[in-house]
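Colleague: Could we go through this model together before I set up any calculations?
Modeller: Certainly; here it is.

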Amino acid sequence: MEQKPGWTYRFIPSLNMQIAINNTTGVMYTEDKIKYSPDEQLLLKTIDYQLPLSVHLVKKTFDGTIISVQ
């Protein structure tokens, strides 16, 4: 993933890919170009972004919204 100014990057082992979080808006993208809203990003932050791959794949397939991490 190309790193650009204004973004924070992390490798997420559960996804086996990097994420990029916009420092201003809070929008998060995964390396495979799936967008997570600022609200979703804040939820994922509470679990150190260790999103199960199966949940990510469902979001990717159906363009859903994560509303809880518990």
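**Pocket and salt bridges**

Modeller: In this predicted model, the largest pocket holds about 230 Å³ of space.

Colleague: Which residues line the largest pocket?

Modeller: The lining consists of Met 1, Glu 2, Lys 4, Trp 7, Tyr 9, Ala 20, Tyr 29, Thr 30, Glu 31 and Lys 33.

Colleague: And which strands each supply at least two residues of that lining?

Modeller: They are strand S1 (7-12) and strand S3 (28-30).

Colleague: How do the lining residues divide into nonpolar, polar and charged?

Modeller: The lining of the largest pocket has 5 nonpolar residues, 1 polar residue and 4 charged residues.

Colleague: Let us change topic. How many salt bridges does the structure hold?

Modeller: The structure holds 3 salt bridges. As background, side chains of opposite charge can pair when their charged atoms come close.

Colleague: What does Arg 10 pair with?

Modeller: The side chain of Arg 10 meets that of Asp 48 in a salt bridge, at 2.9 Å from N to O. This pair links distant parts of the chain, 38 residues apart: Arg 10 belongs to strand S1, while Asp 48 sits in the loop between helix H1 (38-45) and helix H2 (53-62).

Colleague: Are those two side chains buried or exposed?

Modeller: Neither term applies. Arg 10 is partly exposed, with a relative accessible area of 29%, and Asp 48 is also partly exposed, at 41%.

Colleague: Which residue forms a salt bridge with Lys 60?

Modeller: Lys 60 forms one with Asp 32, and their closest N and O atoms are 3.3 Å apart. Here too distant parts of the chain are linked, since Lys 60 lies in helix H2 and Asp 32 in the loop between S3 and strand S4 (35-36), 28 residues apart.

Colleague: What is the accessibility of each partner?

Modeller: Lys 60 has a relative accessibility of 42% and counts as partly exposed. Asp 32, with a relative accessible area of 22%, is partly exposed; the cut-off for buried is under 20%.

Colleague: That leaves Lys 59. Where is its salt bridge partner?

Modeller: The partner of Lys 59 is Glu 40, with the closest N and O atoms 3.0 Å apart. Glu 40 is in helix H1 and Lys 59 in helix H2, 19 residues apart, so the pair links distant parts of the chain.

Colleague: Is this pair buried or exposed?

Modeller: Lys 59 is buried, with a relative accessible area of 7%. Glu 40 counts as buried as well, because its relative accessibility is 2%.

Terms used. Residues numbered from 1 in each chain as written. Predicted model: local features only at pLDDT ≥ 70, side-chain atom pairs only at ≥ 80, totals over all residues. Heavy atoms only, no water. 1 Å grid on protein atoms, 1.4 Å probe; cavity = no way out; pocket = protein on both sides within 12 Å on 5 of 7 lines; lining within 4 Å. Points joined across faces, edges and corners; volume = space filled by probe spheres on them. Helix = DSSP H or I, 4+ residues; strand = E, 2+ residues; numbered from the N terminus. Nonpolar A, V, L, I, M, F, W, Y, C, P; charged D, E, K, R; others polar. Salt bridge = Lys/Arg side-chain N within 4 Å of Asp/Glu carboxyl O. Buried < 20%, exposed > 50% of the residue type's maximum accessible area, 1.4 Å probe, protein only.
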